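Trainee: Could you walk me through how to read a ligand site in a model like this one?
Mentor: Gladly; let's look at it together.

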Amino acid sequence: MVVRVETKDDLAVVTIDNPPVNAASQAVRAGLLAAIAETEANTTAKAVILCAEGRTFTAGADVREFDKQPMPPHLPDVIQAIEDTTKPWIAALHGSVLGGGLEIALGCSHRVALRSTRFGLPEVTLGLIPGAGGTVRLPRLIDPLEALNMVTSGKPISAATALNLGLIDDIADGDVMACAIALARKTANARTRTALRHRDAKPVEDPAAWEAAKTRIISKARGALAPVAAARAVQTALDLPADQAQIQEREAFLTLKSDPQSAALRYIFFAERSASKLPELKGVEPHQLTSIGVIGGGTMGAGIAAACLLAGLPVTLAERDEAARSAGQLRITAILENSRKRGLIDQGKLDALTAALSTTTTFEALTETDLIIEAVFEDMDVKTQVLQELDKHIRRDAILASNTSYLDINAMAARTKHPERVIGLHFFSPAHIMKLVEVIIPDEAAPSVVAAGFALARKLGKIAVPASVCDGFIGNRIMSAYRRECEYMVEDGALPWDVDRAMRDFGFPMGVFEMQDLAGLDIRWAKRKSQAATRDPAQRYVHIADKLCEARRFGRKTGQGWYDYAGGKTTPSQWVENLVLAESARKKIARTPISDAEIVQRILSTMQAEAQALLTEGIARRPEGIDVVMVNGYGFPRWCGGPMFLKNHPSVD
Ligand code: 3H9
C-alpha cells in the first residue's frame, strides 16, 4: 500500500510509502483520496497527521508520469480535498519537501518539520511552474516577495527560514511525530484555520522592490520560459481570486509541460542521475573512503580539499614547501569561512572542519590516507613524479587520483608501481561549487577503484560522468573542437564579438572569446607551443590567438585580449579587428558575413560531430553523459538538454 491509514488513540495517521522519494504518483494520489474518505468517516479520529516513510516527505509529482497522459485523480483535486476536510490535517515533514510535496503540505491546516527539512518549489528547474496551487497558496501564507523568490528560483530553503517566514508552525529537533501529535492535541476537533485557498493574498510590502524583482527574473531568464511564467503566475495569484488564479496556473503548467524546454530539462534531470550507473560496476564494492589527501593547494587543490571537508571527509593537504603549504591552507580556510558567511555552515561546523584539515610538506603524512588526489601543475612529468613519489609512502590499497584535464592517465598510471589503483578525477573550477566531475577510467584501473571514484563524487554531492582516456576527455575535447570552429569562423567572416553574441543569445552565459579572456590566453598558448612540433601540418591552423599572445594580450588580467578592458569596460577591440582582417587577407580568404543562426549551427554541428566521435571511440559511454558534461561544465543552456539531445530534438533550439 503506497498510502496507509492507522488510528492512534484519537488521531489518524496517514503515511505515504512510495520509495525512493515518495513521489506523488497516480497510486499515491488515489491513496490519499481514499485516506481522506476513511479519516472523515472515522468518528474516533479528531485530527489527522500526514507523514511519509523513508528518507523524505513527498519530493514532488512523479516526473516520470509527465511523458504520459495525465491520470486522475489529479494533484490539485487531491489537495483541494485535503483542504476541504472537516478535521485538522497536520503535515509532519522531513527530508525534501519539494514541488507537489510542498503543495500537499500547503493543503494541510498545520505544518511541523524536522530541523533538517528543506522546502522548495523546484518546478522551474524542470521547465515548469507549480501545477497544484503552489503559486496561489504560497503568497497567501508568506510574504509574496519570498514566495516569488521561491517559485522563480526553485531554490530550497531551510526549516529555520521556513519557520521565520511562517511557512511552518514548528520545528522538531528530535521526533517530528511527537511534535505533530502535540500540535494535533492542541488543535480543536474541527478545522478552524481558514484554508489558504479561501484567504486573500498577503499584501506586497514594497511595490518598487516587487517590480524590480520581476524585472530581474525576466532579464536573468535568458531564453528560459519557466521563470518568466512562474513570475507571471505569482502576480496572477495576487491579482485574482484563488480559484481563478489556480485555473490559470494549471493552464500555464500544462502548456509548459508539453513544451520542448521542459522535455529537455526533464531529460537532463534523469540523465544526471543515470550517467554514473555503469553496468560493470553493479555489485562492485568500492574501496572505503574515510580520509582524503590532496597534493597541491592552488585554486584547484584548495577547492577540492574544501569540497571534501564540507562533505565530512578529513583532508591532509601536502605542498612542496612551507610557503606553498601555508598559502594553500589559507585558500582552504578562506573557502570555508566564505561558506560560513553565506550561512551554509555555522561557526561550530567551521571550527570542526578547520580541525579536520591537516597540512604538511612531506608525503609521509599520507601513509594512512585512503585516496590521494594530485592537483599539481598540468604537466605530464610533474604529475607522474608526484604519483611515483606517493607510491613510496602510501598504503598498498590506497587510491591515486589525478585531477588532470587533458593528460594521458594511461601513460601516467603505467609509470607507477600499481597502475590498477590509478584513476582520473577531473574537477571543474571552483571545485567546491561546480557540480561536475569526469571520472576518467584508465585501461588498467580495478573496478573497486573506479567504484570508489564514483562513490567519492556522490559523497561530495557531484554529478559524475565516466570517460575513458583521450586528450581532453569528453568536455575539453568537445570544447577544443568548437573553439577551433569559432576561430575558423573568425577567419571566414565573423568577428569575435559576433560569435560571442550569437552564443549568448542562444543561451550560453558567455561566448567562447569572452571566456578565453576571463581564463587567460597564456596557458593554452603554452600548450599550443608544446604541441607545435607534432601538429598535423595539413590541418587548418588559425594564428590569431598566438598573435594576441605575442602582443602580450593575455585577456582580462592584462587589460587586453580578444576585447579591450580599459576603464573596467568590455569593448570590441579595433586592434583585434585589424589583425583578423589582415590574417584573412594573408591567407587569401574572401570574408563573407556569417549570420548568428549560422554561427550557432556551425558550433552545434561541430559539438555533435565531436560527440559522435567520442561515442564511436568508446571515450564516452552514452549520449546522455556527453550532454550532462556540456550542461554542467561548459555552460551549454540546460533548457536545450545538451548537444546530443538537440540533435534528436531540433525543435528545442
Ligand atoms: C512537481 O512536483 C509538479 C507539481 O507542482 C505539480 C503536479 C501537478 N519523480 O536525486 P536522487 C528519483 S514537479 C520521479 O538520486 P537524492 C531519481 O530519478 C517535481 N522520480 O536522490 C532517482 O531514481 P534512480 C518537483 C524521482 O537523495 C531516485 O528518485 N520535484 C523524482 O540525491 C533518487 O533520486 C522535484 O523536482 C521525482 N520527482 O535527492 C524534486 N525525484 O534511483 C526532484 C527523484 O532510479 N528530486 N526521483 O536513479 C530531487 O531534487 C532529488 O531527487 C531529491 C533526493 C532531493 C528529492
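Trainee: Which residues come nearest to the ligand?
Mentor: A residue is near a molecule if one of its heavy atoms lies within 4 Å of it. Here 26 residues surround the ligand, and Arg 55, Glu 103, Glu 123, Arg 273 and Lys 277 come nearest. This is a predicted model, where local features need pLDDT of at least 70, side-chain atom pairs count only at pLDDT 80 or more, and totals for chains, interfaces and linings use all residues. Residues are numbered from 1 along each chain as its sequence is written, and side-chain values use heavy atoms, with hydrogens and water left out.

Trainee: How do the shell residues divide into nonpolar, polar and charged?
Mentor: Ala, Val, Leu, Ile, Met, Phe, Trp, Tyr, Cys and Pro count as nonpolar, Asp, Glu, Lys and Arg as charged, and the others, Gly among them, as polar. The shell has 12 nonpolar, five polar and nine charged residues.

Trainee: Which helix supplies the largest share of the shell?
Mentor: Helices (H or I, at least four residues) and strands (E, at least two) are DSSP runs, numbered from the N terminus. α11 gives the largest share, three residues. At least two residues each come from β5 (96-98), α3 (100-107), α10 (242-257) and α11 (260-274).

Trainee: What lies 2.5 Å from an oxygen atom of the ligand?
Mentor: A polar contact is a pair of N or O atoms within 3.5 Å. In this case, an N or O atom in the side chain of Lys 277 lies 2.5 Å from a ligand oxygen. For the side chain of Arg 273, the distance from an N or O atom to a ligand oxygen is 2.6 Å.

Methods:
Polar contact = N/O pair within 3.5 Å; in protein donor to acceptor, adjacent residues only side chain to side chain.
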